[in-house]
Every structure is written in structure tokens, then in C-alpha cells.
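This briefing covers a pocket, a helix and an aromatic pair. The sequence and structure come next.

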Amino acid sequence: MKRYKIAAWLMIIHGGFMEIGGVVFAALALILGAEKFDITQYFSFRLSYFQENLYMVLFMGAIFGIMRIIGAIGLLKNKMWGLALSVINCILTMALMMFMLPFGIQDGLLACSALILMLTQYFGNRKIIQ
């Protein structure tokens with residue numbers, strides 16, 4: 001159970017500080033005015049599509065962050081749906097992290113660490129063939 005809690009807190013940190021923090025930053029930029037505050041000077045992605053749609057990328061990140069936090073709360077409450085949602089979030093993050101460079105490196109480190117903790121806790125010392 002200890003590994004689940006560590007994984008859940010990693011996911012809360014990941015969801016809270018990275019995705020939701022980015023949306024707060026983007027919202028402030030929109031409130032202050034995008035012409036006065038150029039958000040592209042702080043964020044840059046390797047794919048031009050993400051760079052051109054930076055505000056949408058940040059708001060979509062909020063959705064990922066909220067789902068990650070919901071899964072982590074379910075995991076902390078020892079619910080199977082929390083484990084399933086958390087594993088889905090981690091796998092999806094692993095698939096998308098290479099498109100979101102350089103921030104994908106941080107996403108990958110946190111998501112992969114949480115996934116390893118969850119899988120090693122769930123499967124334990126079981127062998128593939130008994």
C-alpha cells in the first residue's frame with residue numbers, strides 16, 4: 001500500500017504543479033492581455049502546431065491535470081477505479097511526452113515513476129509462469 005501512496009502523491013504533484021499551474025499562468029496572461037504578455041517567450045515546443053496553439057495546449061493540460069488528481073485521490077482511497085484511471089493517465093502521458101518536448105521530459109519522469117510504483121505494488125513478486 002505504501003507504493004500506491006507514493007505514486008498518488010507523485011501524480012498529485014504532477015497534476016497540480018505542472019498542468020494546473022500552466023493554466024493559471026495562461027489565464028493570467030489572457031487577463032493581462034496577450035499583446036502585453038507574450039507567453040511564447042516562456043514556453044516553446046518542438047512541434048509548430050503546439051507552439052501556434054499554445055493557449056489551447058495549456059488548457060488541455062488542465063484537463064490532464066484534473067484527471068490525474070482524481071485518479072490519485074481514488075488511489076489514496078484504495079479504490080480500483082483510481083488505480084485504473086491512474087495507470088491510463090500514466091500510459092497516455094508516456095505516449096504523448098515525446099511530442100511535448102522539452103516539458104515532456106518532466107512529464108515522463110513523474111508519470112513513469114508513478115507507473116512503476118503502481119505496477120510493482122499491484123503485481124508484487126508474482127512470476128509470469130508459476
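Which elements do the buried residues of α5 pack against? They pack against α1, α3 and α4, where contact means heavy atoms within 4.5 Å. This is a predicted model: local features need pLDDT of at least 70, side-chain atom pairs count only at pLDDT 80 or more, and totals for chains, interfaces and linings use all residues. Residues are numbered from 1 along each chain as its sequence is written, and side-chain values use heavy atoms, with hydrogens and water left out.

**Helix α5**
- Helices are DSSP runs (H or I, at least four residues), numbered from the N terminus.
- The buried residues of α5 (under 20% relative accessible area, 1.4 Å probe, protein chains only) include Gly-104, Asp-107, Gly-108 and Ala-111.
- The 21 residues of α5 should span 30 Å at 1.5 Å a residue, and its end C-alpha atoms are 30 Å apart, which agrees; the expected span is 1.5 Å times one less than the number of residues.
- Gly-124, just after α5, takes a positive phi of about 60 degrees.

**Aromatic pair**
- The structure holds 1 aromatic pair: Tyr-122 and Phe-123, edge-to-face, at 4.9 Å centre to centre and 85 degrees between the planes.
- Rings pair if their centres lie within 6.5 Å, and planes over 60 degrees apart count as edge-to-face.
- Tyr-122 is partly exposed at 35% relative accessible area, and Phe-123 is partly exposed at 42%; partly exposed lies between the buried limit of under 20% and the exposed limit of over 50%.

Methods. Helices (H or I, at least four residues) and strands (E, at least two) are DSSP runs, numbered from the N terminus. Rings of Phe, Tyr and Trp (its six-membered ring) pair if their centres lie within 6.5 Å; planes under 30 degrees apart count as stacked, over 60 as edge-to-face and the rest as tilted.
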